[in-house]
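Biologist: I am new to this structure. Please take me through one part of it closely, the salt bridges, and then show me a place where helices pack.

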Amino acid sequence: MNRPKKSLGQNFLTDPNVAKKIVRSLNLRRSDRVLEIGPGRGALTTLLLAEVPAMAAVEIDDRLAAELRTAHGKTLTLYQADILRLDPRDIAKNMGGEFRVVGNIPYYITSPILFWAIDAADVICDCTFMMQHEVARRLAATPRSKEYGILSVFAQYYSTPELKFTVSPGSFYPVPEVTSAVVSLNFRKPFPQKAMDDATFRAIVRGTFGTRRKMLRNGLRGLDIPADFFRQSKTNFERRPEELSVEDFVLLSNEITTTTGKRFSL
């Protein structure tokens, strides 16, 4: 049996009841296209393949990839790669259309994987991830809370996030020092009010939270927003970014788009 690689942040799920609970939460249909990130020893993979005739998975560890190929053969299309280096739209093309994502993901790259999925909301239907409970709380955090930040706004704008259930450290090997949680992001149920320009919305959220302990005015000035905008707008720029709701960011983004003509690039 291959030992976990600390360098890859491997904590294998060993509790079969938790694995079954995750798969049940997906409510899979036979026609669903499924991509698993970080299948490891296949705790979820075997259960998933009992629900769908074939699926894809991304596993960076060559030892585990070999085991998975032997165990599942042609029913599993395996990408032996770093998930962050793969293009979700290429995966969708290979799979024949939009797909669903599930995985017990390495905690040290949770945020990059979440943004990888958010950036591909056009081809990813939803994600169900095991992650550190602290990060899971950030996804559904409300304004004026210490957990609220860029990840909260993006998750709630591009999807409907839902914390499904928590998982104790004893459900893994090796045992992590933190409690985990299973979270879903439904990209087919985004925030109902859309920004006029997606790049502007993203830039405003990132730019203002980059100076989150300072007022909105400071973060926006760092984005080279024209001085006239501050004089003409009725927005209260004395507020801090963590005080703004998702709707507030949409309205601010749209106001900047319509009154300044400034454009940002993704």
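Modeller: What follows covers the salt bridges and then one helix pair. Keep in mind that the model is predicted.

Searching the whole structure gives 13 salt bridges. Start with Arg 63 and Asp 61. They form a salt bridge, and their closest N and O atoms lie 2.6 Å apart. Asp 61 is buried, because its relative accessibility is 1%, under the 20% limit. Arg 63 is partly exposed, at 24%.

Next comes Glu 162, which pairs with Lys 164. Here the closest N and O atoms are 3.5 Å apart. Glu 162 is partly exposed, with a relative accessible area of 42%. Lys 164 is partly exposed too, at 30%.

Now go to helix 10, residues 227-232. Asp 228 and Arg 231 form a salt bridge, with 2.1 Å between the closest N and O atoms. The two residues sit 3 apart in the helix, so about one helical turn separates them. Asp 228 is partly exposed at 41%. Arg 231 counts as exposed at 62%.

Salt bridges can also join up. Arg 29, Asp 32, Arg 100 and Asp 126 are linked in a network of them.

Last, the helix pair. Helix 7 (residues 150-158) packs with helix 8 (residues 198-209) at about 155°, and their axes are 9 Å apart. The angle is over 145 degrees, so helix 7 is roughly antiparallel to helix 8. Their crossing is right-handed. Helix 7 brings Ile 150, Val 153, Phe 154, Tyr 157 and Tyr 158 to the contact. From helix 8 come Asp 198, Phe 201, Arg 202, Val 205, Arg 206 and Phe 209. Of these contact residues, 8 are nonpolar, 3 are charged and none is polar.

Technical notes. Residues are numbered from 1 along each chain as its sequence is written. This is a predicted model: local features need pLDDT of at least 70, side-chain atom pairs count only at pLDDT 80 or more; totals for chains, interfaces and linings use all residues. Side-chain values use heavy atoms; hydrogens and water are left out. Axes are lines fitted to C-alpha atoms, for helices over the stretch in contact, and angles run from 0 to 180 degrees between N-to-C directions. Helices (H or I, at least four residues) and strands (E, at least two) are DSSP runs, numbered from the N terminus. Angles under 35 degrees count as roughly parallel, over 145 as roughly antiparallel, 65 to 115 as roughly perpendicular and the rest as oblique. A crossing is left-handed if the near helix is turned anticlockwise from the far one by less than a right angle, and right-handed if clockwise. Contact means heavy atoms within 4.5 Å. Ala, Val, Leu, Ile, Met, Phe, Trp, Tyr, Cys and Pro count as nonpolar, Asp, Glu, Lys and Arg as charged, and the others, Gly among them, as polar. A salt bridge is a side-chain nitrogen of Lys or Arg within 4 Å of a carboxyl oxygen of Asp or Glu. Buried means under 20% relative accessible area, exposed over 50%, partly exposed in between (1.4 Å probe, protein chains only).
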